[in-house]
Amino acid sequence: MRIKIFDSLPKDAIDIRTEVFVDEQGFTEEFDSDDLHAVHLVGYENDKAVATCRIIYNGDGSLYIGRIAVRKKFRKKGHGSQIVRAAERFIAEKGGHTVYIHSQEQAVPFYLRIGYADTGKCDFEEGCPHRL
């Protein structure tokens, strides 16, 4: 998968996130002010945008990878872990070393498999449980 990095929210990321989070999962508040200052990554397979995520720098120096989405047809092929690893590399190149993922509860096993630890901190976005 070829990955491109953007300083502003690209149409390909909008399309993937709309397809996954709005159309498939029913979220209505998918896009927020964090998109304005986030770095956005989009993964392409044969020139088709298939995966995306964003990186947010918090005021306390921590970094968050979020809005990780893979189009349904392309899941279970390693694209999710590839986009996360690309975000980690970008963060490391910029001098970051502590990374958090704010994940839907149902996706926690995936993040545990790729090396993240569950902090036990839980909250809700649009009624959906999330973990840090």
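**Notebook: strands, helix α1 and ring pairs**

I began with strand β1 (residues 2–6), which five bridges join to β2 in an antiparallel run; I count two strands as paired if DSSP finds at least two bridges between them, and I take helices (H or I, at least four residues) and strands (E, at least two) as DSSP runs numbered from the N terminus. I note that the model is predicted, with local features needing pLDDT of at least 70 and side-chain atom pairs counting only at pLDDT 80 or more, while totals for chains, interfaces and linings use all residues. Residues are numbered from 1 along each chain as its sequence is written, and side-chain values use heavy atoms, with hydrogens and water left out.

Within β2 I looked up the partners, and found Phe6 opposite His40 and, on the β3 side, Tyr44 opposite Ala49. I recorded seven antiparallel bridges between β2 and β3, and these strands form a hairpin with two residues between them, where Asn46 in the turn has a positive phi of about 50°. Is β2 enclosed or open? Six of its seven residues are buried, so I enter β2 as largely enclosed by the rest of the structure; buried means under 20% relative accessible area, exposed over 50%, and partly exposed in between, with a 1.4 Å probe and protein chains only.

I also looked at Tyr44 from the side of its ring, and the charged end of Lys4 sits over that ring, 5.2 Å from its centre (the rule asks for NZ of Lys or CZ of Arg within 6 Å of the ring centre and within 35 degrees of the ring normal).

Next I turned to helix α1 (residues 11–24), whose buried residues are Ala13, Ile16, Arg17, Val20 and Phe21. I found that these pack against α2 (34–37), β2 (39–45), β3 (48–57), β4 (63–70) and β6 (103–104), with contact meaning heavy atoms within 4.5 Å. After α1 comes Gly26, whose phi is positive, near 85°.

Last, I listed three aromatic pairs in the structure, where rings of Phe, Tyr and Trp (its six-membered ring) pair if their centres lie within 6.5 Å, and planes under 30 degrees apart count as stacked, over 60 as edge-to-face and the rest as tilted. Phe21 and Phe27 have ring centres 6.4 Å apart and planes at 75°, so I enter the pair as edge-to-face, and both residues are buried. Phe110 and Tyr111 have centres 4.8 Å apart and planes at 75°, so this pair is edge-to-face; Phe110 counts as partly exposed at 23% relative accessibility, whereas Tyr111 is buried at 9%.
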